[in-house]
Amino acid sequence: MIKHLLSAGDLTRDDATQILDTAEEMLSIAKRPIKKLPTLRGLTVVNLFFEDSTRTRISFEAAAKRLSADVINFSAKGSSASKGEGLKDTALTLEAMGADAVVVRHHASGAPHRLAEAGWTQGVVVNAGDGTHEHPTQALLDAFTMRRHLGDLEGRRVTIVGDVLHSRVARSNALLLHTLGAKVTLVAPPTLLPVGVEQWPVDTSYDLDTALEGADAVMMLRVQRERMNASFFPSAREYSRRYGLDAARMGRLADHAVVMHPGPMNRGMEISADVADSDRSVIVEQVTNGVAVRMAVLYLLLSGRQDHTEETHS
Amino acid sequence: MTPESPAAGVPARTVLDERDIARALTRITHEILERNRDSEGVVILGIPTRGVHLARRIAARMSEVEGRTITAGSLDVTMFRDDLRLKPARAIGRTEVPEDVDGKVVVLVDDVLFSGRTIRAALDAVSELGRPKAVQLAVLVDRGHRELPIRADFVGKNLPTSLAEKVKVRVAEHDDADHVTIEGGAA
């Protein structure tokens, strides 16, 4: 198993399968009367969030708490970071407090990588979203959700639609789904596909209607208005008509296909309200699964950090 | 070669063969029924991996004797172990509990009883499931060397061993063979 979770591309198929299998067990814990395990007792998990986030932070927080770890939340707003402290000094402070794991979200792509490689912290680093680069736990929870509905992902077809350019979710999903043997098609207006997308292990298309045929799962991406400093499409209305998922388009999907969205949704923009609330939509389930997947990641990265090979029997 | 491979020149000794295991499990089954009288109040839980298979065999024998279907569950103890930080991350086994354990007698089933640490973890795991009336322990082999004040209620075979020896239990469902061997040590 890897030491840090920085990129979905670092995971081998065996690693990814182990995380997903472990998450399956973690999910069953949520159904028990006592939703807590003593596994990470005495360990400290720091949520280091330089960028606003609700669902990812509370999901990591819930995951760490269910495994009995102590959780320290650090958000840039209202902290020393707003006084100009940089990543390095914040990391050194957290290290001095004894952080065993640092879950980091940063607006700069590569910040978690820097944190892991620079030796500022002894703890394991989990990337919870860095700039427009990667969001590996989101990809894992998406793969987990698809696997629960579709079974083995080998040969399955996944269509990812929308603002790929600004999406760390799309990149992590493309890498992980490729590792798991699924075929990924990215659908977006040409202005919202990143430079170098031809080197990703995916197909690309500009036409949503044909890309929906034969898809086993369709993932709608949020249009990230806050990252857009130029006009990438003429109007919200036109975007929605060409790249939004509405009930009519959903009718083109096969009966078993699921509709996903990493949240938060812009209802009426990339996804219509009736689709978001339909039976096909597994969006709420993605949130539940997120906690289980993050429990699995924390468990696998944090237990057994000292590499001992000595064997004891029961 | 892995560290657990036997010392050169000392062959593995078979201490229980397929028939010995079958007889031991049959006896344990009857002892469980004798001790608890009412099989309705008993929940059999095996500890992964091999304990689950042994628990299923015991449950099958109980079903025969009692004339109704009794299913064994499984109880994963990985997340409750005290040595998690000392070892690489372990894969987690299944936990499947066929019925509510509140007020029941839980019989834990494992292959080898050694330090007692697995059972300590299992007791913690059980307490998260509910409050059983009592917890009993059935093991195929008790090899001694306890590190905790834990003992088994039902034992297939007491096997005096040295710490240098390795006791291996093989069950057909998992290993394609049924036997217990001792490897290594100065034989």
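The following exercises, each with a worked solution, concern a predicted model.

**Exercise 1. Helix packing in chain A**

Determine how helices α1 and α5 of chain A are oriented to each other, and identify the residues through which they meet.

*Solution.*

Step 1. Two packed helices are described by the angle between their axes and the distance between the axes.

Step 2. In chain A, helix α1 spans residues 13-29 and helix α5 spans residues 136-150; they pack at an angle of about 70 degrees, and their axes are 10 Å apart.

Step 3. Angles of 65 to 115 degrees count as roughly perpendicular. The helices α1(A) and α5(A) are therefore roughly perpendicular to each other.

Step 4. On the side of α1(A), the contact involves A:T17, A:I19, A:L20, A:D21, A:A23, A:E24 and A:L27. On the side of α5(A), A:L140, A:A143, A:F144, A:R147 and A:R148 take part.

Step 5. Sorted by class, the residues of this contact comprise 7 nonpolar, 1 polar and 4 charged.

**Exercise 2. A sheet and a helix in chain B**

Establish the strand order of the open sheet of 3 strands in chain B, state which strands stand at its edges, and place helix α1(B) relative to the sheet's strands.

*Solution.*

Step 1. The strand order is β1-β8-β7, and the pairing is antiparallel.

Step 2. At the edges stand β1 (13-16) and β7 (165-170) of chain B; each has a single partner strand, so one side of each is left without a neighbour in the sheet.

Step 3. From one strand to the next, the twist averages 30 degrees.

Step 4. The pairing of β1(B) with strand β8 of chain B (residues 179-184) is antiparallel and extends over 3 bridges. Within it, B:L16 has B:V180 of β8(B) as its bridge partner.

Step 5. Helix α1 of chain B (residues 18-36) lies across β1, β7 and β8 of that chain and runs at about 30 degrees to β1(B).

**Exercise 3. The second largest pocket and a cis peptide bond**

Characterise the second largest pocket by volume and lining, and examine the peptide bond between A:G263 and A:P264.

*Solution.*

Step 1. The second largest pocket holds about 490 Å³ of space.

Step 2. Its lining is formed by 29 residues, and those nearest the centre of the pocket are A:T56, A:R105, A:P262, A:G263 and A:P264.

Step 3. Two or more residues of the lining come from each of α2 (55-66), α5, α6 (168-179) and α11 (283-302) of chain A. The largest share, 5 residues, belongs to α11(A).

Step 4. By class, the lining of this pocket has 7 nonpolar, 13 polar and 9 charged residues.

Step 5. The peptide bond joining A:G263 and A:P264 is cis, with omega about -10 degrees. A:P264 is situated in the loop between β9 (258-260) and α10 (273-276) of chain A.

**Exercise 4. Cavities**

Find how many cavities of 30 Å³ or more the whole structure contains, and describe the lining of the largest and the second largest cavity.

*Solution.*

Step 1. Rolling a probe the size of a water molecule over the atoms shows where empty space is left. The search of the whole structure yields 2 cavities of 30 Å³ or more.

Step 2. The largest cavity has a volume of about 100 Å³. It is lined by 15 residues, with A:I29, A:R32, B:D76, B:M79 and B:T95 nearest its centre.

Step 3. Helix α1 of chain A and helix α3 (117-129) of chain B are the elements that give two or more residues to this lining; the largest share, 4 residues, comes from α1(A).

Step 4. The lining of the largest cavity divides into 9 nonpolar, 3 polar and 3 charged residues.

Step 5. The second largest cavity has a volume of about 30 Å³. Its lining consists of B:L25, B:I28, B:L54, B:I58, B:V109, B:D110, B:A138, B:V139 and B:L140.

Step 6. Two or more of these lining residues come from each of α1, α2 (50-66), β4 (105-113) and β5 (134-142) of chain B. Strand β5(B) gives the most, with 3 residues.

Step 7. The lining of the second largest cavity comprises 8 nonpolar, no polar and 1 charged residue.

**Exercise 5. Backbone geometry in chain B**

Locate B:T49 and B:R37 in chain B and describe the backbone geometry associated with each.

*Solution.*

Step 1. B:T49 lies in the loop between β2 (42-46) and α2 of chain B. The peptide bond from B:P48 to B:T49 is cis, and its omega is near 0 degrees.

Step 2. B:R37 lies in the loop between α1 and β2 of chain B. Its phi is near 60 degrees, which is a positive value in a residue other than glycine.

Notes. Residues numbered from 1 in each chain as written. Chains lettered and ligands numbered in written order. Predicted model: local features only at pLDDT ≥ 70, side-chain atom pairs only at ≥ 80, totals over all residues. Heavy atoms only, no water. Axes fitted to C-alpha atoms, helices over the stretch in contact; angles between N-to-C directions. Parallel < 35°, antiparallel > 145°, perpendicular 65-115°, else oblique. Contact = heavy atoms within 4.5 Å. Nonpolar A, V, L, I, M, F, W, Y, C, P; charged D, E, K, R; others polar. Pairing = 2+ DSSP bridges. 1 Å grid on protein atoms, 1.4 Å probe; cavity = no way out; pocket = protein on both sides within 12 Å on 5 of 7 lines; lining within 4 Å. Points joined across faces, edges and corners; volume = space filled by probe spheres on them.
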